[in-house]
Structures are given as structure tokens and as C-alpha cells.
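Please work through the exercises below with the model open beside the text. Each task is followed by a solution that goes step by step.

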Amino acid sequence: MSDPSVIRMPTPKWPLLVRLLHWLSVVLLLAIFGLITLHENTDGAGGLYIGLHKALGVCFFFWMIFRLANRVRQRDQQPKPVAAPRWQQLSASLVHSLLYVVLLMMPLTGFLMTQFGGRATSIFGWFEIPVLLSPDRAIGRILNQLHTDLIWTALVLLTLSHVSAALYHQFVKKDATLKRML
């Protein structure tokens, strides 16, 4: 029961566009992950799943650039940080920054891996990004390892950290941090 004499201030939220871009990024990432999972665990539907994975990956790269530019553009509209110890504020800032780096590096390494593999990238059959680089299988293998091992692992760990912190704030601290992004 709440005290009726206490005036509740609304939870300061992120701007609507920031929230939409955030949650649509989650949906896109789940689709991209689902497509590569289908590719690896089925007959690949004749290359359909990997083709869609690559097309969505290219789109996601530009999506993230737009998202980052919008975040910078709306810097003055961002809600003030929730009261937290300095180390938590620094940790949150570091995780967010690293997430942006990884979310840009993942599609970039995937695209470059395809390029160095000597393969064009079809964008949903609408148009094709031709091979723009000289094929080099050795560089392609290095990029494959970066894309599938290092960056993927970093993405999973950073995402788990991000989600865990949001849930901690929601259910332990009960400080409305999660509500700011809903």
C-alpha cells in the first residue's frame, strides 16, 4: 500500500525513438540468430537461411549506425542516471559502450568474411553487393573465427551482463531502471 500523501514523480524514460530502436534491435538480433541456427541445424533450405542471415546482418549494421547517431543526437534528452555507486555507473557505461562496439563488429566481420571468401551478398533478392575485395581465404578464416568465436562470445557475455543488471535493478533494487526503457 502506498502513502497517499507522497507525490509520486513519473519515471523519467528514454526518448520513445531510443526505446523503439533498442527493442527492435533485440528482435532483429533474435531473427539473425534464429536464421543461423536454422542454417546450421537443417539442410539450410538451399542457402535461404544463410542468405537471409547475411542480408539482415548488413541491415543490422546500418541500423546500429543509425541507433548510435540517434543516441548521440538525443544526448540532452537522456534521463539522468539512477543513483548508484560510481563503480556501477562506470560498469554500466563500459558494458553499453562495448555492446555498441560488438554490435557493429559482428555484422562488419561477417560481411568482410563473405567478401574475402569471394562471395557477393544478396540483400533479400532486391540487389546484390558484389565482391569488392580480392578473395583471400586466409583472411576469411581469421574473420570467421573473430565473427563466430570471439565477437559472438563477447556479445553473449555482454548481453547477459546487461540483462542481469536490468533484472537486478528491477527486482532487487526496485529503482525503476527497467521502466525507463519500456
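The exercises that follow concern a predicted model, and they go from the overall fold to single residues.

**Exercise 1. Describe the overall architecture of the protein chain: which secondary structure elements does it hold, and in what pattern?**

Step 1. The secondary structure of the chain amounts to 4 helices and 2 strands, and along the sequence these elements follow the pattern α-α-α-β-β-α.

Step 2. For the dimensions, take the C-alpha trace, which spans about 70 × 35 × 35 Å along its principal axes.

Step 3. Turning to the surface, the protein chain exposes about 11800 Å², of which carbon and sulfur atoms supply 70%, while 30% of its 182 residues count as buried.

Step 4. Finally, consider the contacts between residues at least 6 apart in sequence: 69% of these join residues that are at least 24 apart.

**Exercise 2. Characterise the packing of helix H2 against helix H3: at what angle do they pack, and which residues make the contact?**

Step 1. Helix H2 covers residues 48-73 and helix H3 covers residues 86-116; the two pack at an angle of about 145 degrees, and their axes are 9 Å apart.

Step 2. The handedness of the arrangement is left-handed, as H2 passes H3 in a crossing of that kind.

Step 3. On the H2 side the contact is made by Lys-54, Gly-57, Val-58, Phe-60, Phe-61, Met-64, Ile-65, Arg-67, Leu-68 and Arg-71, and on the H3 side by Tyr-100, Leu-103, Leu-104, Pro-107, Leu-108, Phe-111 and Thr-114.

**Exercise 3. Locate the nonpolar patch on the surface: which residues form it, and which helix gives the most to it?**

Step 1. The patch is formed by Leu-16, Leu-17, Leu-20, Leu-24, Val-27 and Phe-66, which together have about 540 Å² of accessible area.

Step 2. Helix H1, residues 16-41, gives the most to this patch, with 5 residues.

Step 3. Leu-24 serves as an example from helix H1: its relative accessible area is 41%, so it is classed as partly exposed.

**Exercise 4. Decide whether Asn-70 and Thr-121 are buried or exposed, and find their contacts.**

Step 1. A residue counts as buried under 20% relative accessible area. Asn-70, in helix H2, has a value of 3% and is therefore buried.

Step 2. Leaving aside neighbours within four places in sequence, Asn-70 is in contact with Leu-17, Val-18 and Leu-21; of these, Leu-17 also belongs to the nonpolar patch.

Step 3. Thr-121 lies in strand S1 and, with a relative accessible area of 2%, is therefore buried as well.

Step 4. When residues up to four places away in sequence are not counted, Thr-121 touches Lys-54, Val-58, Phe-111, Thr-114, Phe-127, Glu-128 and Ile-129. Among them, Lys-54 and Val-58 of H2, together with Phe-111 and Thr-114 of H3, also take part in the contact between those helices.

**Exercise 5. Examine the backbone at Phe-124 and Lys-174: what is phi in each, and where do these residues lie?**

Step 1. Phe-124 has a positive phi of about 55 degrees, although it is not a glycine, and its place is the loop between strand S1 (121-123) and strand S2 (127-129).

Step 2. The relative accessibility of Phe-124 is 30%, and so this residue counts as partly exposed.

Step 3. For Lys-174, also a residue other than glycine, phi is near 50 degrees and thus positive; Lys-174 lies in the segment after helix H4 (137-173).

Step 4. Lys-174 has a relative accessible area of 65% and is therefore exposed.

Conventions
Residues are numbered from 1 along each chain as its sequence is written. This is a predicted model: local features need pLDDT of at least 70, side-chain atom pairs count only at pLDDT 80 or more; totals for chains, interfaces and linings use all residues. Side-chain values use heavy atoms; hydrogens and water are left out. Patches are made of residues with over 30% relative accessible area and no salt bridge: like charges are joined within 9 Å, nonpolar side chains (Val, Leu, Ile, Met, Phe, Trp, Tyr) within 5 Å. Accessible areas come from the Shrake-Rupley method with a 1.4 Å probe; for residues, only the protein chains shown count as cover. A salt bridge is a side-chain nitrogen of Lys or Arg within 4 Å of a carboxyl oxygen of Asp or Glu. Buried means under 20% relative accessible area, exposed over 50%, partly exposed in between (1.4 Å probe, protein chains only). Axes are lines fitted to C-alpha atoms, for helices over the stretch in contact, and angles run from 0 to 180 degrees between N-to-C directions. A crossing is left-handed if the near helix is turned anticlockwise from the far one by less than a right angle, and right-handed if clockwise. Contact means heavy atoms within 4.5 Å.
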